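Colleague: I'm new to this one, could you walk me through a few spots?
Modeller: Gladly, here it is.

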Amino acid sequence: MAAAGSVTVALHVAEVLETIVSGCLGPEGRQVLCTKPTGEVLLSRDGGCLLKALHLEHPVARVMVACVSSHLRKTGDGAKTFIIFLCHLLRGLREITDKEKDSFLFENIQTCGRHWKNCCRWKFISQAFLTFQTQILDYVMDHYLSRHFLSIFSSCTKERTLCRSSLEMLLGAYFCGRVGRNNHSLMSQLMCDYVFKCTACESRFEEVLELVDDCFVELKVGVTGLPVSDSRIIAGLVLQRDFSVYCPADGDIRIVIVTETIQPLFSISGSEFPLNSEAQFQTSQFWITERTKAIVKHLQNQNVKLLLSTVKQPDLVIYCAGLNGISVVECLSSEELSLIQRVIGLAPFVLPEASSQYELSHTALAKFCKPLILRSKRFVHLGLMSTCSFAPHCIALCAPVQGLVEQHENALHGAFKMLRQAFKDLDLNCVTQTSDQSCTSGPCIYKNSRESNELPKIVNSSIQRSYQDTVVKNKGELAKTQTNLKVCSNLIVPSVKLEQNVLCSTPKVAVTDSYQTDETLRCSSPNKGRIMDDHEPFIESNSANSKPENTRREISYENLQVAKLARKDSILPLRYKSLETCTSQSYYSSSIPAGCVLPVGGNFEILLHYYLLNYAKKCQQSEQTMVSRIIANAILGVPKILYKSKKGNYSFPQVYVRALQALQTNQPMISNQTGLESVAGKYQLLTSVLQCLTNILTVDLVISIKRQPQEVYDQDSEEEL
Amino acid sequence: MSRLEAKKPSICRSDPLTGERARASLAALKGLVMSCYGPAGRLKQLHNGRGGSVVTTSQSAALLAGLPVSHPVLKVLTAAVRNHVACFSDGGLFTAILCCNLVENVQRLGLAPTTVIKLNKHLLSLCTSYLKSEDCACRIPVDFSSTQILLSLVRSILTSKPACMLIAKEVDHISTLILRAFLLTIPENAQEHIILGKSIIVPLKGQRVIDSAVLPGILIEVSEVQLMKILPIKKSDSFKVALFCVSLSGDLSDTGEGTLLVSYGVSLENAALDQLFNLGKQLVSDHVDLVLCQKVIHPSLKQFLRTHHVIAVDRIGVSLMEPLSKVTGTWPIGSLGSISPSSYGSVKDLCIAKFGCKHFFHLIPNKTTICSLLLCNRNDTAWDELKLTCQTALHALQLTIKDPYVLLGGGCTETHLVAYIRHKTRNEPESVLRDERCSQTELQLITEAFCSALESLAGSLEHDGGEILTDSKYGHFWSVQANLPSAVNWPDLPSRCGCGLYSSQEELSWSFLRSARHPFPPQTCLSREATGSADTLTLDCFTAKLSGLQVAVETASLILDLSCVIEDTN
């Protein structure tokens with residue numbers, strides 16, 4: 001298969017997937033019914049689910065599905081947006097290649113000689129995308145978008161506390177895209193209540209989310225045949241099995257967990273038990289009975305009222321437990337056991353070797369323990385006294401059909417994943433480089449405008465300052481900058497950046513190089529002097545830096561502090577006023593703070609679109625401009641679909657124009673929709689799509705193998721052996 | 001063995017409802033369930049060409065269980081109905097018909113699904129809040145001091161299942177039996193938390209329906225051979241019972257995962273038998289009169305017990321274990337070693353009874369909430385249908401205890417609701433329009449679709465070509481015979497409305513059910529005298545019907561929301 005066709009082919013595939021997926025996108029999206037070969041029906045609006053159900057054969061499609069599922073595993077949301085965005089990117093790429101067959105990328109022609117091939121061209125484009133993803137995207141996110149971010153946390157104190165209304169908005173927007181449209185509000189309300197009920201200690205909600213995400217299967221009970229509105233939260237833990245013995249008990253109930261049968265076995269595996277007489281057989285049976293009784297009696301003496309067992313206990317144990325007033329639950333799954341252990345921190349009870357004089361150290365307490373009847377099925381209902389930050393609660397999900405129950409389960413599980421991601425700090429990688437770039441691109445532009453000659457001085461002064469720095473420190477940074485250098489050289493970034501990086505590492509080289517920089521800048525000085533607004537803040541920042549006689553370490557320390565403050569400062573809206581000054585100095589780690597959100601309805605997309613276009617205008621290199629433009633235009637595809645059914649004032653062009661006007665005049669954007677979405681999720685989605693795209697573009701040949709996949713598997717296993 | 005074939009790609013179809021195939025299969029299902037509905041419903045005979053028994057039924061539970069459905073949309077619908085029936089036993093056909101009607105009516109309108117779903121949800125909440133409110137005129141609070149309403153409820157359920165093949169006298173007999181069986185399961189000294197007992201239905205096929213009976217306690221069926229071995233029961237006022245859940249057959253219980261090395265000449269069977277005899281001796285010395293075992297008792301032990309005048313009954317089965325342990329007050333014994341005296345129980349009396357050609361061992365308890373309903377019917381299919389109906393009725397009674405209301409049956413609730421919704425949306429549409437952001441026309445269209453779905457549901461009670469009228473005071477359901485000469489002044493004809501609450505003696509004005517009328521406010525607040533005066537009402541279970549209504553609307557919304565179907569063809 002020729003590589004030239006790969007974009008066209010991929011576009012065809014992506015368009016087919018887009019038509020399926022776009023029907024389910026957003027609050028207006030509809031449901032899809034999947035039938036399984038077993039005859040079950042599954043309702044879904046989950047993009048990942050649909051893509052899996054399609055069982056695609058096309059190799060490119062399979063690459064896409066694999067990328068989507070790996071993205072989902074990480075974030076739990078965004079499969080549909082993934083496909084739509086990818087499709088628009090491919091469309092943008094094809095348009096460009098159709099229009100200007102060979103007019104762009106003249107350098108590439110040089111590198112490849114006269115006969116450059118298509119694959120080569122795609123490789124360069126994909127590299128440009130990779131550069132964009134690793135450098136420009138983070139830069140744009142950090143510098144421009146971050147001032148629009150809102151925070152989900154309610155107070156600006158050190159402790160991060162969840163704000164109920166904003167959590168509701170976040171979840172509401174999530175469920176709009178995942179469950180049937182008459183159940184949005186119900187589900188988000190249910191989940192919100194659940195999160196708050198489960199959180200015993202407000203500041204440790206992250207642990208709760210983690211636990212719920214890990215053990216979600218054990219924390220929900222599906223009930224079919226009831227209306228969805230009957231779904232509710234049940235206090236305590238519900239185990240999906242009945243008691244083997246139930247003895248009603250009041251007050252606090254002591255619990256013991258066992259992982260083996262209490263009744264001693266005749267013989268353990270791998271051993272032989274010689275029986276020489278009938279009397280011996282009878283005495284050993286008698287001993288077994290007596291011993292079992294003794295252990296159960298011992299448990300009763302220790303006031304144990306509930307025995308949780310991971311294995312099936314023999315009749316004798318059940319009988320003895322019943323006589324001694326101990327309730328028994330058998331055959332707990334290992335997942336249930338681990339959940340219980342996490343909640344109450346209880347280790348399994350080890351059977352004593354010698355008889356009864358053995359103090360029970362491993363017990364826990366429960367407030368109640370009773371049968372629970374849901375739809376004429378009996379469950380065990382435990383009110384465990386939690387020893388961690390998770391107050392145990394379960395969700396009973398009701399729906400007329402099993403398929404709908406499953407949909408709600410998946411949506412809830414995904415929501416917990418999404419929340420976990422949203423409450424994590426997300427490091428923007430390579431920010432050091434990008435901030436260096438900003439430094440260089442700043443003077444670059446500044447110089448181009450030919451307004452003053454101050455710049456070389458500033459550059460020089462900074463060089464001198466760095467010259468005064470201790471050598472030790474520079475060594476420390478050397479390693480980093482070297483890696484930067486590597487990355488930069490790989491990606492064919494113009495020399496300006498390279499030199500600026502060198503500038504940080506060794507002063508000597510830097511001095512000489514910076515002259516070169518100046519020269520190159522002068523040589524390449526483009527004729528456009530358009531960015532007039534930018535030099536003022538730049539001068540300010542630079543002068544601010546050069547004014548005090550601080551060593552650089554101190555400055556960067558200050559910057560760190562600023563960054564920290566900014567992170568903690570969680571007043572709505574969260575702004576990075578000091579970002580310009582921060583990033584003009586090099587080393588500090590930038591991140592999207594935990595809990596950053598934006599209003600739904602394409603806000604993120606329009607913002608990114610706007611700033612990317614701005615960036616593209618400023619940017620010098622044709623590839624970067626092209627890539628930024630493609631991405632900026634492609635990202636609008638999602639809000640276009642979202643607003644498809646809206647009319648008049650709420651139609652997409654109207655919304656778009658209004659947003660742009662607001663941005664240009666520095667006014668806050670007004671969103672007519674209530675709902676929030678996590679910035680981190682959006683950002684991760686963007687990077688995943690770009691990675692997927694580079695994956696698709698770099699492949700130049702698809703080799704189809706007719707052999708049975710089974711054989712390949714066999715070979716693998718042989719190798720392992 | 002893992003599969004060798006690669007999976008085939010699935011088939012994806014968009015807009016599953018617009019196709020001709022979908023419409024045809026939906027119409028077919030609708031016709032099927034509609035024709036079964038109500039006391040005059042037609043019976044369906046399900047038979048599989050490859051074998052198995054023939055089922056004659058008009059109940060949704062039996063019908064949908066045996067009906068293969070190929071269209072994925074219908075799979076959703078039938079699954080929803082079956083799950084509803086599994087939860088509430090009653091109201092399956094109601095749910096199915098309403099759901100089909102809603103999907104069909106809305107599909108015809110061609111509005112955007114978003115609006116439809118929002119408004120349907122709104123109309124549903126209008127219905128449920130009205131049905132739950134105090135001034136609802138189609139809901140009757142249950143008076144537990146008399147059996148009248150409960151008996152009417154059971155009768156309504158029995159008469160709505162024509163496949164039971166009961167005549168009026170038999171309906172009376174069975175409904176009193178069911179009510180008695182239910183009352184026996186209520187504990188006498190009830191605290192705030194009532195735990196109901198259980199009525200065990202014992203089959204007795206081939207007998208007259210009139211021979212059915214309710215007996216307190218448990219009937220254990222015994223064969224004639226077993227019966228010969230059971231000695232004549234001595235007279236006593238209390239019998240001591242031991243109930244075993246372990247096998248008493250003398251086989252070696254699990255010996256662990258290792259190997260047992262048995263020397264030559266050592267017989268473990270004898271050892272086990274010795275152990276059984278020791279157990280027997282203990283039972284005898286404890287003066288046990290009756291030994292019951294879930295599994296098998298070794299013949300030698302049986303013989304031993306018989307010689308000591310202890311009755312032994314084995315192979316009871318796991319399903320009877322829980323009621324038995326409740327009736328006798330025993331702990332099921334799981335040990336062959338020493339038995340704690342506290343695990344013995346007792347019964348008041350024992351007797352051997354013969355019903356039809358079957359012999360039963362009858363345990364009469366001192367005081368428990370377990371009873372046996374001995375159910376007879378002429379043939380197998382009719383018996384199956386009757387059993388299902390009895391279970392439905394018992395379940396409906398349990399639900400009624402939980403939520404002590406009943407709804408008017410016979411189509412009156414539906415027509416009354418229709419009148420209420422029409423009036424409400426016509427006169428107070430502002431709140432809806434504001435909340436749901438839709439136009440007046442959309443609201444009118446959807447309301448009409450919703451109401452006509454309910455009306456056509458009520459109308460499907462009439463199978464003999466009669467006309468259906470509704471009055472403009474109560475909004476109830478009146479049915480008149482077909483083929484009447486138009487000259488006759490038909491408003492004089494109907495004597496009682498569908499539920500039997502009102503008679504035509506009053507000055508009422510009638511109109512055809514599906515004709516265009518001016519919306520009127522139906523009279524709310526049911527008067528106590530009205531419910532007291534009528535002796536036989538047609539009633540429906542409140543909880544089941546309410547949930548059925550919700551499930552039907554939710555399922556219809558779900559189906560209307562489908563944008564495409566992905567069929568996995570592997």
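Colleague: How many disulfides does the structure hold over all chains?
Modeller: Zero, where a disulfide is a pair of cysteine sulfur atoms within 2.5 Å. Cys49(A), for instance, is in none, the nearest cysteine sulfur being that of Cys34(A), 6.3 Å away. This is a predicted model, in which local features need pLDDT of at least 70 and side-chain atom pairs count only at pLDDT 80 or more, while totals for chains, interfaces and linings use all residues. Residues are numbered from 1 along each chain as its sequence is written, chains are lettered from A and ligands numbered from 1 in the order in which they are written, and side-chain values use heavy atoms, with hydrogens and water left out.

Colleague: And why is there no bond for the sulfur of Cys245(B)?
Modeller: Because the closest cysteine sulfur, in Cys293(B), is 8.4 Å away, which is too far.

Colleague: Switching topic, where is Asp561(B)?
Modeller: Asp561(B) lies in the loop between α17 (542–560) and β21 (562–567) of chain B, helices (H or I, at least four residues) and strands (E, at least two) being DSSP runs numbered from the N terminus.

Colleague: Is that Asp561(B) buried or exposed?
Modeller: Asp561(B) counts as buried, because its relative accessibility is 2%; buried means under 20% relative accessible area, exposed over 50% and partly exposed in between (1.4 Å probe, protein chains only).

Colleague: Which residues does Asp561(B) touch?
Modeller: Leaving aside residues up to four places away in sequence, Asp561(B) touches Gly29(A), Arg30(A), Gln31(A), Gly180(A), Arg181(A) and Ile117(B), a contact being heavy atoms within 4.5 Å.
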